[in-house]
Amino acid sequence: MKKSVNKKTEKVFDLNTKWPPAGDQPKAIKSLIEGLDKGLRHQTLFGITASGKTFSVANVIANHGKPTLVIAHNKTLAAQLAEEYRDFFPNNAVHYFVSYYDFYQPEAYMPVTDTYIEKEAMINDEIDRLRHASTQALLTRKDVIIVASVSCIYGLGSPEEYKKRNLEIEKGQDISRADFIRNLIKIHYERTNADLESGTFRALGNSVEIMPVNDNVIYRLNFNEEKGISRIEEIIKIDAISRTIISNLEDLFIFPAKHFVSTKEQNERAFETIKIELEERLKELEKEGKNLEAERLKRRVRYDLSLIKEVGYCNGIENYSRHFSGKNTGEPPDTLLSYFPHKADGTPDFLTIIDESHVTVPQLNGMFAGDASRKKTLVDFGFRLPSAKDNRPLKFNEFDERVGQIIYTTATPSKYELEKSENIAEQVIRPTGLLDPEVEIRGIIENKETKYKGQIFDFIDEAEKVIKKGDRVIATTLTKKMAEDLSEFLKEKGIKAEYLHSEIETLDRIRILAEFRKGSARAGFDCIVGVNLLREGLDLPEVSLIGILDADKEGFLRSETSLIQTIGRCARNVNGKVILYADKITNSIIKAMGETKRRRALQIKYNTEHNITPETIIKEIRSITDSMDSEHNKAVRKITDLDLATYTGKRAINKLIKQKEQEMNDAVKILDFETASLLRDEIIAIKNKTKK
């Protein structure tokens, strides 16, 4: 265990590593740390694929000793980075913050066809819990690393209100059970009589049981009343599955169940300012002769206000966020960045890492314009008030103002990073000795004297050879439809394949990559067909062959940068090979192959000088979904496996099932629904596993 201490901070990051920095890593780490100490605002870690950029950054974080925001350009890469940083910092708070929507269709209006599309969204409760864990960690400790997608620049609610509205509870505190329940409801906890879920509570006799939004445990508060005075007698932390007592507490903090919280006074003020804005906007529309739009807006806003007053919520309530927060017109919203620490003068006091910056920076820069265009149409045609425009992501200059020192990490820096950076640390040599993969061009031109089968059948022949050795293969296409069709065709030809693109839900993407790494030998599969999700950052050491289909179709997906990034996916395997399927040689192909040859030459020279024999990276197959899996499901699997190891034979299994059914019925009779649901799912799991 290597412990890095920074005397300027109260807490330290404990960097867990078996190996010291090697190759170009020591030089890059030293350069970046010196840059931070000098106060440099922008730096770039120019590191090739598989050179250990994340490890170098982890060393910088440990030395710098400040809370850190790591931004990735997609949820899958963010999940991988979160797992890597958790491995590096097991004793510190490493959290995952991405959009909590499994499905999201934004509200929109298309004037050409007079089509209004209502917002549709499906929230993933587990990701929502991780978001709350992120913000609560930032407000309660300093040794925090948050790995986030670009959702970190979207509105989140005031950190001051979020922190101010938390319930601080102490053993012996004078408060009635009824008042405590009212306080829970004020911070958006919901009452239930069934199983406790995140953000719910239930009252049983003189006790109240709560499941917080950031953890899978239960807190039981026992109340006692003597001489007309009610107080909290006990605060007990309980395992949510086994119901065993973990500990007795002296105090407890319960944060709100939602990030957007407001007081009664704020709500009353918001109702008034919304009404004033509505009247002003109606006059504007009527003056412009837009009577239809005015009537539409009047009905929409009045209906929304009625719903908010009655039930505290309406569909699209976020469009009124400026009124509830009390911010001025055009003022940027609070975001995750607001939860990070700031100095007394208001300047940011945290480190920002922008991973795969050549992709992430343009993404951060483009969020505002797309949102603004959609909102403008809704406002112009009377579907929303002008204040809806203030429910938005940050503009890029606003983002830049709200972060402190930045380190960009990329294998292919763009013009922006190169121009902004006051220091560029190069990391070209890999400590493992691994070379960039061999790159071969195949197509009609390159195969004049042979009977060329075409790119698909040629790829199948090569893939079968690699899979037979136990390695994995990747094929990249130009469109999602091509990826789907090719994966089905490969299955028909006997290759276990799956497609991967942006329409697949977040957690499913992560699981697919984990199954891919396992391979068919371990109930997984051997080939992934993707578009551009497989380019940047993903760590797949089992891959020894990549087929880039239609490599000569010059454009974004077949540019020099894209080709270099795709080739890099094969740089973690000693047998790495990339085939460019092309019938003509483009400038991008020439440049990508030239850069690959340059890097190979540098690595070969280093390996020769240091007597290094390259070896494929060996990396444990893990997924952030493992930590997101519910305790209930983990308990079901564990108990089921133990039972099936103990009870063998059809008669014994049937007896076990009947016994569990009786226990389940007994639990229901005494209203112990957690035990009952656990037993129910155990019975289902046993039946599924013992089917013939």
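Which residue takes a positive phi in the hairpin of strand 13 and strand 14? I looked there before anything else in this predicted model. G205 does, with phi near 60°. The hairpin leaves 2 residues between the strands.

**Strand 13 against strand 14**

I then read the pairing on that side. Strand 13 covers residues 200-204, and strand 14 covers 207-211. The two run antiparallel and share 5 bridges. I noted A203 as the residue opposite V208 of strand 14.

**Strand 14 against strand 15**

Next I took the neighbour that follows in the chain. Strand 15, residues 217-226, also pairs with strand 14 in the antiparallel sense, here over 4 bridges. The connection is a hairpin of 5 residues. V208 turns up again: its bridge partner in strand 15 is L221. I therefore have V208 listed with A203 in strand 13 and with L221 in strand 15.

**Burial of strand 14**

I checked how covered strand 14 is. I found 5 of its 5 residues buried. I sorted the side chains by direction: S207, E209 and M211 point one way, while V208 and I210 point the other way. Residues of both sets are buried. The pattern matches the general rule, in which side chains of a regular strand alternate between the two faces of the sheet.

**K343**

Last, I looked up a lysine elsewhere. K343 sits in the loop that runs from helix 9 (321-325) to strand 19 (351-355). Its relative accessible area is 43%, so I entered K343 as partly exposed. Leaving out residues up to four places away in sequence, I recorded contacts of K343 with P348 and D349.

Note on methods
Residues numbered from 1 in each chain as written. Predicted model: local features only at pLDDT ≥ 70, side-chain atom pairs only at ≥ 80, totals over all residues. Heavy atoms only, no water. Buried < 20%, exposed > 50% of the residue type's maximum accessible area, 1.4 Å probe, protein only. Pairing = 2+ DSSP bridges. Contact = heavy atoms within 4.5 Å.
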